[in-house]
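Here's a casual walk through one protein model with its ligand, written for someone who likes to check the geometry. Have a look at the structure first, then read on.

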Amino acid sequence: MTHLTLDITNVLSKTIGDEGIDRVLLGNVASKINRFKKTVYDTPYPFMDFSLLRSHLKDVNRVAEDLKKTKINNLILLGIGGSSLGTETIFHALLDPLHNLKKERKNNAPRYFILDNIDPSRIKQLADLAKAERKETLLIVISKSGETPETMSQFMVFKDILSIDKDYKKRIVIVTDKNKGMLREIAKREGYPSLPVPEGIGGRFSVLTPVGMLPASIMGIDIKKILDGAEEMSKHIEEAYYRKNLAVVIASILYLMDKKGKPMHVMMPYCERLNAFADWFRQLEAESLGKKGRGPTPLKSTGVTDQHSQLQLYIDGPKDKCITFLYSVDECLPIPDSFSYIEELNYLAGKDMKALFHAEFLGTRRSLTDAKIPNITITLDEISPFNIGALFFLYEMVIAFMGFLYEVNAFDQPAVELGKIYTKAIMGKKGLEEKGRIIEKELKGKRVLIEF
Ligand code: PA5
């Protein structure tokens with residue numbers, strides 16, 4: 001059974017001439033990755049350790065079952081970056097798009113709200129909801145470091161609301177480092193149920209740990225199947241011949257595209273359910289590879305919507321882009337013959353929306369290929385927990401391989417850390433007073449302003 005199919009025809013020079021990649025060159029880079037791959041599978045990165053990932057499943061499901069006994073109606077997830085984007089992707093792909101609006105929700109799952117920003121106007125609305133429905137609101141606080149100001153400040157706001165009730169502690173759960181960080185200290189001191197982010201797995205590589213698995217389990221998603229898909233993908237990457245190896249080939253193509261002056265990597269799902277996957281990928285590629293003046297720029301587009309927004313640029317603008325299409329459509333929806341007196345609409349009447357969606361995808365892909373814009377397509381046979389797990393793991397490995405090619409550490413994010421330090425300094429954190437004073441002085445100094 002084929003779950004995922006990669007089509008690389010439109011990226012090869014045989015198809016698009018000089019804008020494409022020569023097969024020999026592709027093979028050379030792929031074989032270089034292949035040698036690296038062997039060392040990686042000899043000493044796997046922690047995110048590739050499936051016995052470790054599976055070892056958490058029992059605890060995750062137990063905590064989820066306990067929480068569900070409290071009859072929650074709202075799940076509020078506090079977290080940012082790698083602590084929320086994976087869950088967002090899973091929910092977007094696998095839950096009913098109108099889940100929150102349904103009276104009878106599948107698996108009796110709560111409504112969900114992922115709070116990955118601290119704009120007070122957004123927090124306030126959700127805080128009001130939590131105030132009104134305190135006893136039915138569950139808080140999941142996720143932070144690997146347990147120190148991130150956005151997440152900690154949100155937690156402070158929501159704890160204040162929930163803690164009016166004596167039994168509030170059973171409606172808060174924490175996912176953080178096993179030993180380190182303020183959040184761990186809080187979990188211990190105040191006695192909240194908690195799960196670990198395993199050692200050595202950074203935020204954006206943590207979706208298959210309790211970070212993504214706990215919220216998914218609470219919503220009734222089959223997390224074992226997500227891990228099954230990821231592990232099958234891992235076996236494929238370990239065993240498949242390098243020219244037929246999804247991760248090796250995609251990493252080679254994306255890298256070579258950048259080297260050819262096409263550093264704009266657009267991910268364009270033709271599948272609404274995979275929209276959030278493109279956001280997750282955007283973070284993974286940007287934060288992992290954007291180092292030492294290197295790294296491609298990931299962009300997200302939505303098919304068909306952005307045909308009417310971005311496509312003009314992609315086809316006729318600078319030839320600095322390479323497109324990855326993700327394609328999957330399972331639903332059918334007949335288009336009725338509602339205006340039979342208009343002959344011009346005959347080509348739509350009586351057809352299926354699925355056929356139109358497919359035609360638009362093919363039309364877009366063909367027009368890009370005609371303009372010699374390199375593009376690859378990954379087709380998924382269905383949007384299932386298995387395939388979502390496989391896709392997550394595939395791209396985690398793609399990025400790990402690209403880190404090797406770019407000669408950067410794909411697993412740190414020093415530039416992001418600096419921003420966190422400045423924020424804390426401005427807010428007056430102990431030990432950072434001097435930095436805070438310098439920034440304040442700069443702000444009060446001479447600025448170049450244009451006013452209206
Ligand atoms: O990938 C990463 O490491 C980051 O994007 C983090 O996930 C993000 O900065 C949030 O950090 P934390 O999980 O420590 O709160």
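What does K159 count as at 25% relative accessibility: buried, partly exposed or exposed? K159 counts as partly exposed at that value, where buried means under 20% relative accessible area, exposed means over 50%, and partly exposed is in between (1.4 Å probe, protein chains only).

Before going further, some ground rules: this is a predicted model, in which local features need pLDDT of at least 70 and side-chain atom pairs count only at pLDDT 80 or more, while totals for chains, interfaces and linings use all residues. Residues are numbered from 1 along each chain as its sequence is written, and side-chain values use heavy atoms, with hydrogens and water left out.

**Salt bridges**

K159 pairs with E190 in a salt bridge whose closest N and O atoms are 3.1 Å apart. The rule here is a side-chain nitrogen of Lys or Arg within 4 Å of a carboxyl oxygen of Asp or Glu. K159 sits in helix α7 and E190 in helix α8 (residues 182–190), so to speak two distant parts of the chain, 31 residues apart. Helices (H or I, at least four residues) and strands (E, at least two) are DSSP runs, numbered from the N terminus. E190 is partly exposed as well, with 24% relative accessibility.

By the same rule the count comes to 31 salt bridges. Here are three of them, with the N to O distance.

| Pair | N to O distance | Residues apart in sequence |
|---|---|---|
| D228 and R54 | 2.9 Å | 174 |
| K159 and E190 | 3.1 Å | 31 |
| D167 and K135 | 3.6 Å | 32 |

D228 belongs to helix α10 (residues 223–239) and R54 to helix α3 (residues 50–55). D228 is partly exposed at 21% relative accessible area, and R54 also counts as partly exposed, at 27%.

The D167 and K135 bridge joins two loops: D167 lies between α7 (149–162) and β5 (172–177), and K135 between α6 (120–132) and β4 (137–143). Both ends are partly exposed, D167 at 28% relative accessibility and K135 at 44%. The two residues also belong to a network of salt bridges with shared partners, made up of R134, K135, D165, D167, K170 and R171.

**A buried arginine without a partner**

Which charged residue is buried yet has no salt bridge? That would be R105, and the nearest side chain of opposite charge, E133, is 7.7 Å away. For that search, Lys and Arg count as positive and Asp and Glu as negative, while His and the chain ends are not counted. R105 lies in the loop between α5 (85–94) and β3 (111–115). Its side chain does reach the backbone oxygen of K102, at 3.4 Å. That is a polar contact: a pair of N or O atoms within 3.5 Å, where within protein one must be able to donate a hydrogen and the other to accept it, and residues adjacent in sequence count only if both atoms are side-chain atoms. Leaving out residues up to four places away in sequence, R105 touches N73, H99, N100, P110 and R111, with contact meaning heavy atoms within 4.5 Å.

**Around the ligand**

The ligand is surrounded by 14 residues, and the closest are S83, S143, S145, T148 and Q283; a residue qualifies if one of its heavy atoms lies within 4 Å. A polar side-chain atom of Q283 comes to 2.6 Å from a ligand oxygen. The backbone joins in too: an N or O atom of R204 lies 2.9 Å from an oxygen atom of the ligand, and a polar backbone atom of G203 is 3.4 Å from one. Taken alone the ligand exposes 380 Å², and the protein buries 93% of that. These areas come from the Shrake-Rupley method with a 1.4 Å probe; for residues, only the protein chains shown count as cover.

**Backbone oddities**

Most residues other than glycine have a negative phi, and most peptide bonds are trans. N107, in the loop between α5 and β3, has a positive phi near 60° and is partly exposed at 43%. E407 has a positive phi of about 55°; E407 sits in the loop between α15 (385–406) and α16 (414–426) and is exposed, at 57%. The peptide bond from G303 to V304 is cis, with omega near 0°, and V304 is in the loop between β8 (297–300) and α13 (311–316).
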